Amino acid sequence: MSTLRLEDLKQYSDVLRTRQGEAINIRFVEPRDTEELQHYFRSLSTRSRYNRFFGAISELPKGLLSEFLDVGARERFTVVATKMVDGFETIVAEARYAFHAETSTLEFGLSVDDRWQGHGIATALMKNLECRAAALGAEHMFGDTLRSNETMISLARKSGFAFVNHPDDWKLVRFDKEIAVAPKDIPCASWRLAALSRQADSPSASA
């Protein structure tokens, strides 16, 4: 997949629904989100931040924040789930994913604002990530979580993931899922984006 320009990414977003039917917008993160993204992570409970990063941090370190904002670099992407709250676009969840072409896998991690947990946002976001994995050509998608993170383990199990021991860290467990559905069956904006990108890379694209 070719390097993507931010101005091209702005038009690609998806609308998901909570269990209550409320609209949640999923879009690629933008530089304008810098402060809001930091505010989001600072607002997470200590436990939620620990579960997300496997360590005690109060906010994104400068280097990691830069990586979160560098969408498309080395096939790594960050999306935010936003909702209008009191007239402001507010980040209520985030996900970061990386496509590993050599193994045809997509690795991901996500979090949901503590105040919005239990609304079905994580379930909808994981389904959206499945579409993004298919769009990039992944055959499997996987994530890692702490063995103590019962919420994430339950979510992954309900979403059809199988569990295996983590290859490097006994404190973690890995969950893996085969991408067995056609992207058209779980449409998302990133599928169209990937298709357009591949057309642009094709030698016959300008014919």
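**Helix H6, its neighbours and the spaces around them**

The buried residues of H6 pack against strand S5 (105-112), helix H5 (121-136), strand S6 (140-146), strand S7 (162-165) and strand S8 (172-178). This is a predicted model, and H6 is a handy place to start reading it. The helix covers residues 150-158, and its buried residues are Met152, Ile153, Leu155 and Ala156. Looking down the axis of H6, these buried residues sit within an arc of 160 degrees, so they line one face of the helix. As a rule, an α-helix has 3.6 residues a turn, so residues three or four places apart point the same way. The other side of H6 carries Glu150, Thr151, Arg157 and Lys158, which are exposed. After H6 comes Gly160, with a positive phi near 90 degrees.

Among the strands packed against by H6 are S7 and S8. These two run antiparallel and are joined by four bridges, with Val164 standing opposite Arg174 of S8. The link from S7 to S8 is a hairpin through six residues.

Strand S6 is another of the H6 partners, and Thr145 belongs to that strand. Thr145 has a relative accessible area of 2%, under the 20% cut-off, so this residue counts as buried. Leaving aside residues up to four places away in sequence, Thr145 touches Phe54, Met152, Ile153, Lys171, Leu172, Val173 and Phe175. Two of those names, Met152 and Ile153, come from the buried set of H6. The Thr145 side chain also has a polar partner: a contact of 3.1 Å joins it to the side chain of Asn149.

Two residues in loops are worth a look as well. Thr103 lies in the loop between strand S4 (88-100) and S5. With a relative accessible area of 46%, Thr103 is partly exposed. Its side chain is joined to that of Thr105 by a polar contact of 2.7 Å. Thr103 and Ala138 are 35 residues apart in sequence, and their C-alpha atoms are 8.2 Å apart in space. Asp33, for its part, is found in the loop between strand S2 (23-28) and helix H2 (34-43). Despite that loop setting, Asp33 is buried, at a relative accessible area of 4%. The side chain of Asp33 makes a polar contact of 2.8 Å with the side chain of Arg27.

Then there is the empty space. The largest pocket holds about 1,100 Å³. Its lining consists of 43 residues, and those nearest the centre are Arg52, Gly109, Leu110, Ser111 and Met152. Met152 thus turns up again, having already appeared among the buried residues of H6 and the contacts of Thr145. Helix H3 (46-53), helix H4 (62-69), S4, S5, H5, S6 and H6 each contribute at least two residues to the lining of this pocket.

Two cavities of 30 Å³ or more are counted. The second largest cavity has a volume of about 40 Å³. Lining this cavity are Leu16, Arg17, Thr18, Ile24, Ile26, Ala81, Gly120, Ile121, Ala124 and Leu125. Strand S1 (13-17), S2 and H5 each give at least two residues to that lining, and H5 gives the largest share, with three residues. H5 therefore serves both spaces, as it also supplies at least two lining residues to the largest pocket.

Notes. Residues are numbered from 1 along each chain as its sequence is written. This is a predicted model: local features need pLDDT of at least 70, side-chain atom pairs count only at pLDDT 80 or more; totals for chains, interfaces and linings use all residues. Side-chain values use heavy atoms; hydrogens and water are left out. Buried means under 20% relative accessible area, exposed over 50%, partly exposed in between (1.4 Å probe, protein chains only). The arc is that of the directions from the helix axis to the C-beta atoms. Contact means heavy atoms within 4.5 Å. A polar contact is a pair of N or O atoms within 3.5 Å; within protein, one must be able to donate a hydrogen and the other to accept it, and residues adjacent in sequence count only if both atoms are side-chain atoms. Two strands pair if DSSP finds at least two bridges between them. On a 1 Å grid over the protein atoms alone, a cavity is a set of points where a 1.4 Å probe fits but cannot get out, and a pocket is an open set with protein on both sides within 12 Å along at least five of seven lines; lining residues have an atom within 4 Å of a point. Grid points are joined across faces, edges and corners, and a volume is the space filled by probe spheres set on the points.
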